[in-house]
Structure formats: C-alpha cells, structure tokens
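This note is meant for a colleague who is opening the model for the first time. Please keep the sequence and the 3D view at hand while reading the points below.

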Amino acid sequence: MRGLSSLVFDLVALGILFVFAGFAVIFVAIILSSKPSTERRVKGGGVVMIGPIPLVFGSDMKWASVAIVLALVLILVTLVVDLHVI
C-alpha cells in the first residue's frame, strides 16, 4: 500500500510542476510577443479532454493534426496510469 500512496504523491507533484511550467511558458511567450514587429498571423491548436473524449481544434490542418496526436498521447497516458493504479 505504501507504493500506491507514493505514486499518487508523485503524480500530484508532477501535476503541480506542469502547472508552473505552463505559467513559465505563457510568461516567456508574452515577453517575446511584446516586441514591436511586422504584422503576424497566429496559428495554433489544442485539445480539451472531457473524460475520455477529446475535443480537438486548430487554426489550420497542420495544427489540428498536431492536436490529434496530442489527444492520442493524452488518452494513452490516461490508460497507462489507470491500469497501473488498479
């Protein structure tokens, strides 16, 4: 039983680390984008996971494809963690 609580603690710590890393990435992106330059077009995409169902969006096909791959990785990680804990 000690192993399960250690795994949960490690996952919580990893989640907190990812949140701080996300804030750091956003902060750096804001600083880098604040430089005056020529007009640019922003492209991107993302995934919203509602339970096991991914909602994928993107500004063009390239970023939508990247988001689909990200969704598959998130589903696989969720399955591995769920099967490992049980």
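The numbered points below go from the overall layout to single residues.

1. To begin with, please bear in mind that this is a predicted model. The protein holds 2 helices and 2 strands, and a reader who follows the sequence from its start will meet them in the pattern α-β-β-α.

2. On the question of overall burial, 6% of the 86 residues of the protein count as buried. The accessible surface of the protein comes to about 7,400 Å², and carbon and sulfur atoms account for 78% of that surface. As for contacts, if one takes those with a separation of 6 or more, 20% of them are made by residues 24 or more positions apart.

3. How do the two strands pair, and over how many bridges? Strand β1, residues 45-50, and strand β2, residues 53-58, run in the antiparallel sense and pair over 6 bridges. Two facing pairs help to locate the register in the viewer: Gly46 stands opposite Phe57 in β2, while Ile50 stands opposite Ile53 in β2. As a general point, the side chains of a regular strand alternate between the two faces of the sheet.

4. The turn of this hairpin deserves a separate look, as the hairpin of β1 and β2 has 2 residues between the strands. In that hairpin Gly51 takes a positive phi, with a value near 65 degrees.

5. Which residues form the nonpolar patch on the surface? The patch is made of Leu11, Leu14, Leu17, Phe18, Val69, Val73, Val77 and Val81, and together these residues have about 680 Å² of accessible area. The elements that contribute two or more residues to this nonpolar patch are α1 (2-33) and α2 (61-85). Leu17, one of the patch residues, has its place in helix α1; its relative accessible area is 53%, and because the cut-off for exposed is over 50%, Leu17 counts as exposed.

6. The structure holds 1 salt bridge. In the salt bridge, the side chains of Lys43 and Asp60 meet at 3.8 Å, N to O. This pair links distant parts of the chain, since Lys43 is in the loop between α1 and β1, whereas Asp60 is in the loop between β2 and α2, 17 residues apart. In general terms, side chains of opposite charge can pair when their charged atoms come close.

7. Are the two partners of that salt bridge buried, partly exposed or exposed? Lys43, at 48% relative accessibility, counts as partly exposed, and Asp60 also counts as partly exposed, at 25% relative accessibility.

8. Two residues of helix α2 can be used to relate that helix to other parts of the chain. Val66 lies in helix α2 and is partly exposed, with a relative accessible area of 44%; the C-alpha atoms of Val66 and Gly44 are separated by 9.2 Å, although these residues are 22 residues apart along the chain. Leu70 also lies in helix α2, and at 42% relative accessibility Leu70 counts as partly exposed. From C-alpha to C-alpha, Leu70 and Val56 are 9.2 Å apart in space, and in sequence they are 14 residues apart.

Key. Residues numbered from 1 in each chain as written. Predicted model: local features only at pLDDT ≥ 70, side-chain atom pairs only at ≥ 80, totals over all residues. Heavy atoms only, no water. Pairing = 2+ DSSP bridges. Helix = DSSP H or I, 4+ residues; strand = E, 2+ residues; numbered from the N terminus. Patch = residues over 30% accessible without salt bridge, like charges linked within 9 Å, V, L, I, M, F, W, Y side chains within 5 Å. Areas by Shrake-Rupley, 256 points an atom, 1.4 Å probe, with all protein chains shown as cover. Salt bridge = Lys/Arg side-chain N within 4 Å of Asp/Glu carboxyl O. Buried < 20%, exposed > 50% of the residue type's maximum accessible area, 1.4 Å probe, protein only. Contact = heavy atoms within 4.5 Å.
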